[in-house]
Amino acid sequence: MPGLEDATRGRLLFGGDYNPEQWPPEVWAEDVRLMREAGVNLVTVGVFAWAALQPEPGRFTFGWLDTVLGLLDEGGIGVALATPTASPPPWLGHRHPDTLPQGPDGVRRLYGSRNQYCPSAPAYRRAARVVSDALAARYAHHPALRMWHIGNEYGTACHCDHCAQRFRGWLSRRYGDLDGLNAAWGTAVWSQRYGDWAEVLPPRRMQYVGNPLQDLDYQRFVSDVLLECFTAERDAVRAHNPAVPITTNFMDFYRHTDGWRWAAAEDFVSLDTYPDPNDPDAAMRAAMSKDVMRSLGGGRPWLLMEQSPGAASWRPVATPKRPGLNRLWSMQAVARGADGVLHFQWRASRQGAERAHGAMVPHAGHDSRVFREICALGRELAELSGMPGVPGVLGAGVPADVAIVLDWDAWRAVELDHQPHHGFRYVDRLTEYYAPLWRANVTCDFARADGPLGGYRLVLVPNLYQVSAAAAANLTAYVQAGGTLVMGPFSGVADPGERVFTGGWPGPWQDLLGVRVEEHWPLPDGERLDVASAELGDFAAATWAEWTEARGAQVVARIRGGTLDGRPAVLRHRYGTGTAWYVATLPEPEALRRLLDRVCADAAVRPVLPGLPPGVEAVRRGDRIFLLHHDDGRVELR
């Protein structure tokens, strides 16, 4: 199968979304001239161009796109050609109202924005297939074409009758018959037993709390039905030229599409990321997203598909990136495995919802700070691509000794209604463990709980509320074979069918961890625990605690005072030839840093470069080390 290397052709990709349909033809030639000046070698075309390409059913107007692609090709600029199906034209919704998405409240969302489609509606699927096939028939062998960009930021959820019908089919394949469904969903609770498939609906507005597995299964279904739309368009364009690589753009930590399943269906992974320049932790959060993308792709290079060169107009306060920040975050992407840096968008829109969004050519034009920085970044990326006899970073890997388990089902399940603490958020737990390692310049991969782990010295499981038998056995085998594991609280509580394990928690890992949890003990906002530890130093904890008993594990820290006085908060257990830690609370950041420092030292996990000043990020890619300074002022390294 083709890959990103087939699109790069020996150079890091650089460019952005290009929307020529918003501009008169006389601007197009100037665009190509400025792209060449900036060192642009790839632009994404057509993401929102469905109405311009097909102004009415059965009639295509490809002439303008022929001209644009010809100009780009003459200028030596490649194209990521998009199927425009994320933004159907008004004629589709007007003629086929059933293609418009319906919320759980029963209200249809109308056209006039974007993403207004029901992924289950037959008329939408037919129209999407027609326009995708027509594009591929005309352009699959165009000399400018480097890759296909399918759809855009998949995530639309619909709860209409089309989706209800398709959901029933999904459930029938999963559970077999109604008896299987009733058993799985536990419909004996609250008299919810179903006697006819027609009675089964998507989660809609109800009188009170709905069935948790109905909710979870619908979240799984939404990811799968959107993936069906992606693969249908993927297969339509691939049939015309199987040598062209295909991708779609993921978003930062998006719960509704299972990244592991989606990444397996595309040729390489792409990311849209918009860190907030006002967020003091933006660089850390951005690094985390980029490490996820590299990991979803199995360590192979990925593509930064979208970022803003300036402001992100959808923010309540759209502060632009300060001078140098776009370069810094772009280099962070390259350091963490990206083989291309693209932006949204090339030229700032004068009209429409994104008129205040940043662009490579802003409203001020090419005589501007932003465009000068874009040109400088283009030159720098060209140098990083390598020269004859001087290898660059293109195609190089990013080594990591630490893996953090990331599981979409566990994420969705731990945030279902009527969990013990409504503020317990999965990505918060991942971030708490990732942040101190990022600040220590310890590179992390993300991994499946049931995937290969043997290459890592340390595996972190900040939370895995829901666990399959395969994942439980995999993590146990990892420790038994000599690995080091740290597991956070509220883990091993239920199976993938949302059946709570009985006999204590963490259900299948009590022997591995040498611990038994009798009760979960969420804490009200503002309440803090005093935790005593001779080994880690005393610390405070909040939000979560557990009625815990050591069953073979060594107690490293205990709660001091209050109802849970004396209960273990941190435990360590030798298992096989490895070591498993259990952290039964949420320690304050400095305490968690000390704990992870200790664990890393024991597992022989070392930073890329030790002793760097605060705010300096170090990442190794291939034979190069990137040093990225995220604070103000200058630092001197010796």
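This passage describes the sheet and the two largest pockets of a predicted model.

The sheet is open and consists of 9 strands, and the pairing is parallel. Read across the sheet, the strands follow the order β5-β4-β3-β2-β1-β9-β8-β7-β6. Strands β5 (246-247) and β6 (249-251) form the edges, and each pairs on one side only. Within the sheet, strand β8, residues 302-306, pairs with strand β9, residues 338-343, in the parallel sense over 2 bridges. In this pair, L304 stands opposite V341 of β9. Helix α6, residues 122-139, packs on the sheet and touches two of its strands, β3 (78-83) and β4 (145-150). The direction of α6 makes about 155 degrees with that of β3.

The largest pocket holds about 1,100 Å³ of space. Its lining comprises 47 residues, and those nearest the centre of the pocket are G210, N211, P212, D215 and L416. Helices α8 (178-185) and α9 (212-238) each supply at least two residues of this lining. The largest share comes from α9, with 7 residues. By residue class, the lining of the largest pocket contains 22 nonpolar, 15 polar and 10 charged residues.

The second largest pocket holds about 940 Å³ of space. It is lined by 33 residues, of which Q22, F48, R114, A353 and E354 are the closest to its centre. The lining of the second largest pocket divides into 13 nonpolar, 12 polar and 8 charged residues.

Conventions: Residues numbered from 1 in each chain as written. Predicted model: local features only at pLDDT ≥ 70, side-chain atom pairs only at ≥ 80, totals over all residues. Heavy atoms only, no water. Pairing = 2+ DSSP bridges. Helix = DSSP H or I, 4+ residues; strand = E, 2+ residues; numbered from the N terminus. Contact = heavy atoms within 4.5 Å. Axes fitted to C-alpha atoms, helices over the stretch in contact; angles between N-to-C directions. 1 Å grid on protein atoms, 1.4 Å probe; cavity = no way out; pocket = protein on both sides within 12 Å on 5 of 7 lines; lining within 4 Å. Points joined across faces, edges and corners; volume = space filled by probe spheres on them. Nonpolar A, V, L, I, M, F, W, Y, C, P; charged D, E, K, R; others polar.
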